[in-house]
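I sat down with this model to look up a few local features and keep a record of them. The entries below are in the order in which I checked them.

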Amino acid sequence: MIELDDLHFAYPGQPPVLAGASMRLGPGERLSLTGPNGAGKSTLLRMILGLQRPTSGTVTIFDQARSREKD
C-alpha cells in the first residue's frame, strides 16, 4: 500500500510544484498520472521512491514512512 498525506513541494525560489497531494493506493490497485509538463508527475514519483523529500507531508509505503518533511 502507498499512502501520500498532504504532500507539498517547491524548489527553492520557485512556486509550488505540489500543494496538498493526498491519496491511498491499496494492493492490486493501479494509478495513472497524467498532466502537462511541469505539473509535478516526476516529482511525485521521486518522492514515492524516496529520491526526493517533500517540503511538508508524508509518504508511507506498507505502513513504513519512506519520506518525511525536510528538516
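What follows is my notes on strands, backbone angles, rings, surface and a few spacings.

**Ground rules.** I am working from a predicted model, in which local features need pLDDT of at least 70, side-chain atom pairs count only at pLDDT 80 or more, and totals for chains, interfaces and linings use all residues. I number residues from 1 along each chain as its sequence is written, and the side-chain values use heavy atoms, with hydrogens and water left out.

**Strand pairing.** I took helices (H or I, at least four residues) and strands (E, at least two) as DSSP runs, numbered from the N terminus. Two strands pair if DSSP finds at least two bridges between them. I looked up strand 1 (residues 2-10) and then its partners. Strand 2 (residues 16-25) runs antiparallel to strand 1, and seven bridges join the two. In this pairing I found L4 opposite M23 in strand 2. Strand 3 (56-61) also pairs with strand 1 in the antiparallel sense, over five bridges. There, I2 stands opposite I61 in strand 3.

**Positive phi.** Which residue of the hairpin of strand 1 and strand 2 takes a positive phi? I noted G13, with phi near 75 degrees, in a hairpin that has five residues between the strands. I then looked at residues other than glycine. D6 has a positive phi of about 50 degrees and is not a glycine. D6 belongs to strand 1. For accessibility I used relative accessible area: buried is under 20%, exposed is over 50%, and partly exposed is in between (1.4 Å probe, protein chains only). D6 has 40%, so I entered D6 as partly exposed. D63 also has a positive phi, near 65 degrees, and is a residue other than glycine. I placed D63 in the loop between strand 3 and strand 4 (64-67). With a relative accessible area of 65%, D63 is exposed.

**Rings.** I counted rings of Phe, Tyr and Trp (its six-membered ring) as a pair if their centres lie within 6.5 Å; planes under 30 degrees apart are stacked, over 60 edge-to-face, and the rest tilted. By this rule I got one aromatic pair. The pair is edge-to-face because the planes of F9 and Y11 are at 85 degrees, with the ring centres 4.7 Å apart. Is F9 buried or exposed? F9 is buried, because its relative accessibility is 3%. Y11 has a relative accessible area of 32%, so I put Y11 down as partly exposed.

**Surface patch.** For patches I took residues with over 30% relative accessible area and no salt bridge, joining like charges within 9 Å and nonpolar side chains (Val, Leu, Ile, Met, Phe, Trp, Tyr) within 5 Å. A salt bridge is a side-chain nitrogen of Lys or Arg within 4 Å of a carboxyl oxygen of Asp or Glu. The areas come from the Shrake-Rupley method with a 1.4 Å probe, and for residues only the protein chains shown count as cover. I found that L31, L33 and L45 make a nonpolar surface patch of about 250 Å². L45 lies in helix 1 and is partly exposed at 44% relative accessibility.

**Loop between helix 1 and strand 3.** I looked up Q52 in this loop. At 16% relative accessibility, Q52 counts as buried. The side chain of Q52 makes a polar contact of 2.9 Å with the side chain of R46. A polar contact is a pair of N or O atoms within 3.5 Å; within protein, one must be able to donate a hydrogen and the other to accept it, and residues adjacent in sequence count only if both atoms are side-chain atoms. R53 lies in this loop too, and is partly exposed at 38%. R53 and T43 are 10 residues apart in sequence, with 9.4 Å from C-alpha to C-alpha.

**Loop between strand 2 and helix 1.** I placed G26 in this loop and entered G26 as buried at 15% relative accessibility. G26 and E3 are 23 residues apart in sequence, and their C-alpha atoms are 8.4 Å apart. P36 is in the loop between strand 2 and helix 1 (41-48). P36 is exposed, with a relative accessible area of 59%. I noted 27 Å between the C-alpha atoms of P36 and I61, which are 25 residues apart along the chain.
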